[in-house]
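Biologist: I would like to learn how to read unusual backbone geometry in a model. Could you walk me through a case?

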Amino acid sequence: MFIFQGCPQLLPADRILVPVNVVKPITLRAKNLPQPQSGQRGYECLLTIQGNEHRVPALRFNSSSVQCQNTSYFYDGMEMSSLPVELTVIWNGDFSIDNPTHNKVHLYKCDAQRGSCGLCLKADPLFGCVWCKGENRCTLKQHCSLPENQLLEPNGINSKCTHPRITQINPLRGPREGGTLVTIRGENLGLDFREIQGNVKVAEVDCTPIREGYIPAEQIVCEMGRAEMSQYTGNVQVCVGVGACRPEFMAKSSKYYYFVIPRITRLKPSRGPVSGGTIVNITGSHLDAGSNVSVMFKDQPCTYLRRGGQWLTCRTHASPHGYGNISVSVSIDKAQLQKDLQFEYVEDPTITKIEPEWSIYSGHTPVTVTGTNLDIIQTPLIRAKYNNHETLNLCEVLSSTSMLCQVPELPISLARQQEAPEKPDEFGFKLDDVQSLMALNTTNFIYYPNPEFEPLSSSGVLELKPGSPIILKGRNFLPPTNSGNGKLNYTVMIGDKPCMLTVSETQLLCESPNLTGRHKVLARVGGIEFSPGVVHITSDSPLSSTAIIGIAAAGALLIFFIVVVLIAYKRKSRESDLTLKRLQMQMDNLESRVALECKEAFAELQTDIHELTSDLDGAGIPFLDYRTYTMRVLFPGIEEHPVLRDLEVPGYRQEQVEKGLKLFGQLINNKIFLLCFIRTLEAQRGFSMRDRGNVASLIMTVLQSKLEYATDVLKHLLSDLIDRNLESKNHPKLLLRR
């Protein structure tokens, strides 16, 4: 742009750096600056910071220099370490001095995006940022209150950051053969490549840093050496500096790097077209290890796509060797994976017939494709091209010689749709990388205009009686193909139910399903879906036949259910009464027999007593001592019960066992505990009658010296038994029959 020599203008300036929150003038070189006259306003600097204008008074030194006066500036956010700001010098209120080189002021913050010592010291030296060690922050030198020896300055005597840290390692696994490019990210990883050269070890194996991947203070990329068979895993070690490594300059990762043995087992599919394009999936183990993977089909590379721990995929190229089997090899970094894998290149598919050779503009009509070797294609597509626009659709392989395809739509504007059929510029198939079938010269495939539907009525709602047919009117319902009217697969839905169709050139006759109410009509054909309106089917009767049948069926079902319930209840009641009477009779008979036996036994006892009395007149009555009698009553049939023997426990436990038994004896003498103890035992399902008798005998043995207390407990238990029998409405005579 031509600028007149006499025009006032700012001259090119070096980068103008201004730290935030620091009062500083901005001096600019210029030429032909006018001297303000009497009554004229002076100079101002206008800075636009984040959309806000800041006006600062300016002083003209002479015609070649102007200075924005001392002012501090600020911008929001810590996302940007520096912010370029538009600068305009204004004279006399509204005249802008030309700035042909677009000089800008760069505001900057030392602490923005510089949270570590390394990032701080790698900043532009012109910023004047230093690392304040005691405060662990990046700031201007004058803003650090610590002594000089606590400052780290770029390119200074004391400019080496301590305590490097590793935050990320990628990858974490690799082959022992080496060659893996390991990316190490962290903080304070040196400011010069020489500081880390030869100072990186991964799992105790030397890793050679690569200059091109080094980002000062932030990232190291190194190439792994070969590991021994005895080495399996280890962390990453980086020493920053030249010479002997000191502890404060050593970084060790918390994560470990592992040596693994990648293996391959099989590939699928094992054959594909000679033109290539087959996506081959190779399975194995540890296939995501290392940094670089290569798949070779003999001497031809297979383009790597992606991989996981147990698989990797690649895309084949055209075979330079023609048909036949070739060997497949895989390498990960410097590891060559050994496996005898074979892939067979076979002849490209061919297409011999398409039937039918027509569709409609919207496509999505089925065609049957006949050919050879169709089953070797993974994702076959059918294509059409019209006016440089291509459309595709899917095919389903049925066998090696046939597949079923959905015709793609013809990319023609709706506004240009005509009544005449159209032939696509190209029509063919996209079968992997087979180019010979992209455009078929042997087909006369043609597209006919789409069917068009008219609304059901002017209001959009058609009133009908149940059973009345629905007539959809329109045109192009039957394409005029060379072999006669072609048939399209129409589907008409009344609500969510389909209807039976009869198709003619201008009408679709739909026999409506047995419905009432308002239902949306939806017609589908090919890729077209159209709703001509809503039908309202009303019945002559206030209740439809369906409703009447439903009510009658529900009433009959309810009556049947009530009758069944009454019969079941009557039968159940009769069975209960019979069972009760039978039990009562059995009880009465049992009591009669018991009473009779008791009378007979009592009579026999009286006779035996008289005889015994006469026998004992001279010898006296025999009796047992109390202890023997009690043991026979409480523990019948047991001669030597453990209760009669001394306590047999090891000496070191005897004192503890005796103390425990004494405390348990105190608890038994507590009536509340004893009652709760007995009730808890009786509540257990597995607590049998024999167990109850054994526990009762043991408790009575303990309470021999406190029979009054034992009698009181027995009274409480008997009261509980009576209450439970009354609640369960048992026969009173059954109370004590246990």
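Modeller: Happily; we will go through peptide bonds and then phi angles. This is a predicted model, in which local features need pLDDT of at least 70, side-chain atom pairs count only at pLDDT 80 or more, and totals for chains, interfaces and linings use all residues. Residues are numbered from 1 along each chain as its sequence is written, and side-chain values use heavy atoms, with hydrogens and water left out.

Biologist: Which residues does a cis peptide bond with omega of about -5 degrees join?

Modeller: One such bond links N170 to P171, and another links K268 to P269.

Biologist: Where do P171 and P269 lie?

Modeller: First, the terms: helices (H or I, at least four residues) and strands (E, at least two) are DSSP runs, numbered from the N terminus. P171 is in the loop between strand 13 (165-170) and strand 14 (173-175). P269 sits in the loop between strand 21 (263-268) and strand 22 (271-273).

Biologist: And what is the phi of N32?

Modeller: N32 is not a glycine, yet its phi is positive, about 60 degrees. Its place is the loop between strand 3 (24-31) and strand 4 (43-49).

Biologist: What about the phi of N387?

Modeller: N387, also a residue other than glycine, has a positive phi near 55 degrees. This residue is in the loop between strand 32 (381-386) and strand 33 (389-397).

Biologist: How should I read the accessibility of N32 and N387?

Modeller: Buried means under 20% relative accessible area, exposed over 50%, and partly exposed in between (1.4 Å probe, protein chains only). N32 has 31% relative accessibility, so N32 counts as partly exposed. N387 is partly exposed too, at 39%.
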